[in-house]
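Please read the following walk through the structure with the sequence and the coordinates side by side, going from one element to the next.

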Amino acid sequence: MLGVELEEMAAILSNVLGRPMRYAAIPKAFLQAQGGTMDRAFEFLEREGYAVGIHALRRNDPEVGRQDFETWARSLDWSLLMGNPEKEVSHHVQTVRRPHQNPAALP
């Protein structure tokens, strides 16, 4: 499955997450009212979309594996996004140290 429609994504996520999910379009007027560039981003996706030369990518870099949407979705830990109280947020937060920071000064 190289291309996945939004309705298919919702069905796959329903299966992966074990709870009903459905696709719902966001009205353009809502995006425009938010300001910023979201409405332009969605206009681009609707008008042109993204395309990947997946066969050329695999030909040029054979180590790139094939992963469909369901495999990708199953590889993620959805507990934080889905509000799983059994997992604590601290498991998902990591301290990022920049080269110029003194590690002793970090919390």
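Just after helix H1, Gly18 takes a positive phi of about 70°. The helix that precedes this glycine, H1, runs over residues 6-17, and its 12 residues reach 16 Å from the first C-alpha to the last, close to the 16 Å expected at 1.5 Å a residue. Within H1 the buried residues are Ala10, Ile12, Leu13, Ser14 and Val16, and what covers them includes helix H5, residues 69-74.

Before going further, it should be said that this is a predicted model. The mean pLDDT of the protein chain is 74, and 75% of its residues reach 70 or more. Over residues 88-103, however, the pLDDT is below 50, and this stretch has nine contacts in the model beyond near neighbours in sequence. Where pLDDT is low, the predicted coordinates should not be read in detail.

Taken as a whole, the protein chain has six helices and zero strands, and read along the sequence it follows the pattern α-α-α-α-α-α. Buried residues make up 12% of the 107 residues in the chain, while its accessible surface comes to about 9,200 Å², of which 54% belongs to carbon and sulfur atoms. Among the contacts in the chain with a separation of 6 or more, 40% are accounted for by residues 24 or more positions apart.

Helix H5, already met as part of the cover over the buried residues of H1, also carries aromatic residues. Phe69 and Trp72 both lie in H5, three residues apart, which is about one turn of the helix. An α-helix has 3.6 residues a turn, so residues three or four places apart point the same way. Phe69 is counted as buried because its relative accessible area, 16%, falls under the 20% cut-off, whereas Trp72, at 37% relative accessibility, counts as partly exposed. Trp72 and Trp78 form an aromatic pair that is edge-to-face, with 6.3 Å centre to centre and 85° between the planes. Trp78 is itself buried, with a relative accessible area of 17%.

How many aromatic pairs does the count come to? The count comes to two aromatic pairs, and in one of them Phe69 and Trp72 are tilted, at 5.5 Å centre to centre and with 35° between the planes. A pair of aromatic rings is described by the distance of the centres and the angle of the planes. Phe69, Trp72 and Trp78 form one aromatic cluster.

The next residue to look at is Ser79, which lies in helix H6, residues 79-82. Is Ser79 buried or exposed? With a relative accessible area of 7%, Ser79 is buried, and its side chain makes a polar contact of 2.7 Å with the side chain of Asp77.

A last stop is helix H2, residues 28-34, where Lys28 is found. Lys28 counts as partly exposed because its relative accessibility, 46%, lies between the cut-offs of 20% for buried and 50% for exposed. Although Lys28 and Arg40 are 12 residues apart in sequence, their C-alpha atoms are 9.7 Å apart in space.

Technical notes
Residues numbered from 1 in each chain as written. Predicted model: local features only at pLDDT ≥ 70, side-chain atom pairs only at ≥ 80, totals over all residues. Heavy atoms only, no water. Helix = DSSP H or I, 4+ residues; strand = E, 2+ residues; numbered from the N terminus. Buried < 20%, exposed > 50% of the residue type's maximum accessible area, 1.4 Å probe, protein only. Polar contact = N/O pair within 3.5 Å; in protein donor to acceptor, adjacent residues only side chain to side chain. Expected span 1.5 Å × (residues − 1). Contact = heavy atoms within 4.5 Å. pLDDT = per-residue confidence, 0-100. Areas by Shrake-Rupley, 256 points an atom, 1.4 Å probe, with all protein chains shown as cover. Phe/Tyr/Trp six-rings, centres within 6.5 Å; stacked < 30°, edge-to-face > 60°.
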